[in-house]
Amino acid sequence: MIKKALKHTFTLLNVDHVNLDAKWNYKNVISPYFRLYYIDAGEGEIWDVSTKIRLEPGFLYIIPSFTLCNLFCKSYLSQYFVQFFEESSDGISLFANNRSILRVKAAEIDIVNFARLLEINPGRGINRSDNPKVYEKNIFYKEYQELNNQQSLSTFIETHGILLQLVSRFLTPAVFENKDSGHVPAKILSAISYIQLNLHRDLSVSHLAKKANLHTDYFSRLFHQHTGERPVRYIHEKRIERAQYLMVTTQMTYAEIATQTGFENIFYFSKIFKKITGMSPGNYKKQTDLINF
């Protein structure tokens with residue numbers, strides 16, 4: 001488990017302490033980065049498709065990347081927040097099986113860590129607006145990437161260490177659904193890693209089964225048994241997640257993103273994108289206002 005955790009790198013996007021009011025009321029927010037809150041006063045709500053959670057003082061909350069959520073404050077909410085990107089050596093998110101809003105009781109060290117993050121990363125708030133449709137834009141992502149490039153080595157490592165500590169608070173057995181990879185056949189684990197690292201290549205079920213030296217039908221059943229998804233659906237979901245990430249972090253066109261994520265043409269890409277997200281790439285872009293980076 002330790003080696004697996006160390007595969008993940010977290011890169012700072014924003015960190016700040018803010019006082020929010022009833023204007024903080026945003027629906028259908030979905031972002032390619034993580035959000036983590038510590039509430040020190042007031043109250044609010046966040047919810048996804050299945051769970052509504054009250055934001056209250058003394059608790060930490062995390063919203064994993066690509067988790068559709070709603071953000072709401074009735075009157076007043078005081079929060080520390082940090083937003084950050086995740087990268088992993090095998091392309092598999094630490095929260096791949098936990099795409100839901102999680103909450104834990106805050107400890108004194110969490111408050112200290114937030115204060116330290118703010119101290120060593122001044123000027124990293126959103127500043128312009130708390131509306132995702134305003135700050136999730138091309139020019140703002142470029143600004144924060146440049147700020148990361150200007151960090152000293154000691155600040156970069158300390159920032160990453162604090163982010164690891166904050167994320168670790170949600171990885172306890174009581175909170176985190178940890179699927180023990182030791183029970184998953186090596187051939188299925190190998191197939192999952194191969195999919196993540198080769199989204200731009202041929203990933204037909206027959207090709208994956210052949211690599212695993214298994215019959216196609218048996219491979220498909222085994223894959224579904226241990227992942228909860230049929231191979232084709234799983235591949236589509238990972239390709240679309242990657243496409244959403246590329247829409248924010250690159251200057252690629254939709255056609256280029258389609259090619260990069262293994263779709264034979266932009267029409268098929270658009271069809272699957274809508275099937276997975278419920279909207280076309282164009283409508284997704286309009287709704288979230290995510291402009292190519």
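Which residues does Val82 touch, not counting residues up to four places away in sequence?

**View 1. Contacts of Val82 in the predicted model.** Val82 touches Leu12, Asn14 and Val15. Phe34, Arg35 and Leu36 are also among its contacts. Phe114, Leu117, Leu163 and Leu166 complete the list. Residues up to four places away in sequence are not counted.

**View 2. The largest nonpolar core.** This core has 25 residues. Val82 belongs to the group that touches the most other members, together with Leu36, Leu60, Phe84, Phe95, Phe114 and Phe170. At least two core residues come from each of the strands β1 (8-20), β3 (34-42), β6 (59-63), β8 (77-88) and β9 (102-105). The helices α2 (108-120) and α5 (153-168) each supply at least two as well. With four residues, α5 gives the most.

**View 3. A second nonpolar core.** This core is separate and holds 19 residues. Leu55, Phe59, Leu71 and Phe81 are among them.

**View 4. Strand β8 and its partners β1 and β3.** Eleven of the twelve residues of β8 are buried, so the strand is largely enclosed by the rest of the structure. β1 pairs with β8 in the antiparallel sense, over twelve bridges. Within this pairing, Leu12 has Phe84 of β8 as its bridge partner. β3 also runs antiparallel to β8, and eight bridges join the two. Ile39 stands opposite Gln79 in β8. In a regular strand, side chains alternate between the two faces of the sheet.

**View 5. The open sheet β2-β7-β4-β5.** Four strands form this sheet, and their pairing is antiparallel. β2 (25-29) and β5 (52-55) stand at the edges. Each has a single partner strand, so one side of each is left without a neighbour in the sheet. Neighbouring strands are turned by 15 degrees against each other on average, direction ignored.

**View 6. The pairing of β4 with β5.** Strand β4 covers residues 44-47. Four bridges join β4 to β5, and the two run antiparallel. Glu45 has Arg54 in β5 as its bridge partner.

**View 7. Glu56 in the loop between β5 and β6.** Is Glu56 buried or exposed? Its relative accessibility is 18%, and the limit for buried is under 20%, so Glu56 counts as buried. Leaving aside neighbours within four places in sequence, Glu56 is in contact with Ile39, Gly42, Tyr61 and Arg103. Ile39 is also the residue opposite Gln79 of β8.

Key:
Residues are numbered from 1 along each chain as its sequence is written. This is a predicted model: local features need pLDDT of at least 70, side-chain atom pairs count only at pLDDT 80 or more; totals for chains, interfaces and linings use all residues. Side-chain values use heavy atoms; hydrogens and water are left out. A nonpolar core is a set of buried Ala, Val, Leu, Ile, Met, Phe, Trp, Tyr and Cys residues joined through side-chain atoms within 4.5 Å. Buried means under 20% relative accessible area, exposed over 50%, partly exposed in between (1.4 Å probe, protein chains only). Contact means heavy atoms within 4.5 Å. Two strands pair if DSSP finds at least two bridges between them. Axes are lines fitted to C-alpha atoms, for helices over the stretch in contact, and angles run from 0 to 180 degrees between N-to-C directions.
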